[in-house]
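This report describes a predicted model. Its topics are strand pairing, aromatic ring pairs and charges placed over rings.

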Amino acid sequence: MADGPKNNKIANNAMINAGFEVKNVWFSPDVAATNRTSGYLSSLYPFIGWEINTLDRRYLPHNGFKMTLKAGFEHNRYTSSRMELNQNDVLLDSTLFVSDNQFEKINFEISNYKSLSPKMTFFTSIHAGALYETSGFFADNFLVGGTQKEFESQIPFVGILDAQINTPTFIGAQVGLYR
């Protein structure tokens, strides 16, 4: 995925950005045990965003605050897929599960971290995301789960495995401690 944002700093910890991403999603041949899917999906995603970040470090921060808001629309979608069902090769009409129509995406995150001791941190966070006019294709959705954000559409949620929940709309809050 290519990303070319233009960042304008408001202060040392805040910025407004705009850019576009060229998304390419390649399907692995082993999507399921009995069915095999291969092919790809590509699209363009222009966006605007706003961010405040005072975290003391990227992973497992001890102190700080982070708030982000990002909105954009995905368009110029093209997909090509081939599916093998029970050893019979079938050309799959990819428009059955991926629409060529553009859709809008908005993502909001606010997190606060406070160190209680050298080995204990209290955190609170609220995450929200929504897709509008989407076809429901799994690669477009938000992936909920994990302790740290590792990719763009992931919404971290402690207690759920990485990307365990796949959903087009999500709002959630967390309060917790970690060592």
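## Strand pairing

Ser117 has Met120, in strand 8, as its bridge partner. Strands 7 and 8 run antiparallel and are joined by 13 bridges. The connection from strand 7 to strand 8 is a hairpin of two residues.

Strand 8 is also joined to strand 12, by ten bridges, and these two strands run antiparallel. Within this pairing, Gly129 has Phe170 of strand 12 as its bridge partner.

## Aromatic pairs

A pair of aromatic rings is described by the distance of the centres and the angle of the planes. The model contains five aromatic pairs. One of them is formed by Tyr113 and Tyr178, whose ring centres lie 6.5 Å apart. The planes of these two rings are 70 degrees apart, and the pair is edge-to-face; it counts as such because the angle is over 60 degrees. Tyr113 belongs to strand 7 (residues 103-117) and Tyr178 to strand 12 (residues 169-178), so that the pair links parts of the chain that are 65 residues apart.

Tyr113 has a relative accessibility of 17% and therefore counts as buried, the cut-off being under 20%. Tyr178 is likewise buried, because its relative accessible area is 17%.

Tyr178 also forms an aromatic pair with Phe123. Here the distance is 5.9 Å centre to centre, and the planes are 45 degrees apart, which makes the pair tilted. This pair, too, links distant parts of the chain: Phe123 is in strand 8 (residues 120-132) and Tyr178 is in strand 12, with their positions 55 residues apart in the numbering. Both Phe123 and Tyr178 are buried.

## The ring cluster

Which residues do ring pairs link into a cluster? The cluster consists of Tyr113, Phe123 and Tyr178. Tyr178 takes part in the edge-to-face pair with Tyr113 and in the tilted pair with Phe123. The strands that carry these residues are also connected by bridges: strand 7 is joined to strand 8, and strand 8 is joined to strand 12.

## Charges over rings

Two lysine side chains are placed over aromatic rings. The charged end of Lys23 sits over the ring of Tyr45, at 4.5 Å from the ring centre. The charged end of Lys105 sits over the ring of Phe142, and the distance to that ring centre is 5.1 Å.

Definitions and conventions. Residues numbered from 1 in each chain as written. Predicted model: local features only at pLDDT ≥ 70, side-chain atom pairs only at ≥ 80, totals over all residues. Heavy atoms only, no water. Phe/Tyr/Trp six-rings, centres within 6.5 Å; stacked < 30°, edge-to-face > 60°. Helix = DSSP H or I, 4+ residues; strand = E, 2+ residues; numbered from the N terminus. Buried < 20%, exposed > 50% of the residue type's maximum accessible area, 1.4 Å probe, protein only. Lys NZ or Arg CZ within 6 Å of the ring centre and 35° of its normal. Pairing = 2+ DSSP bridges.
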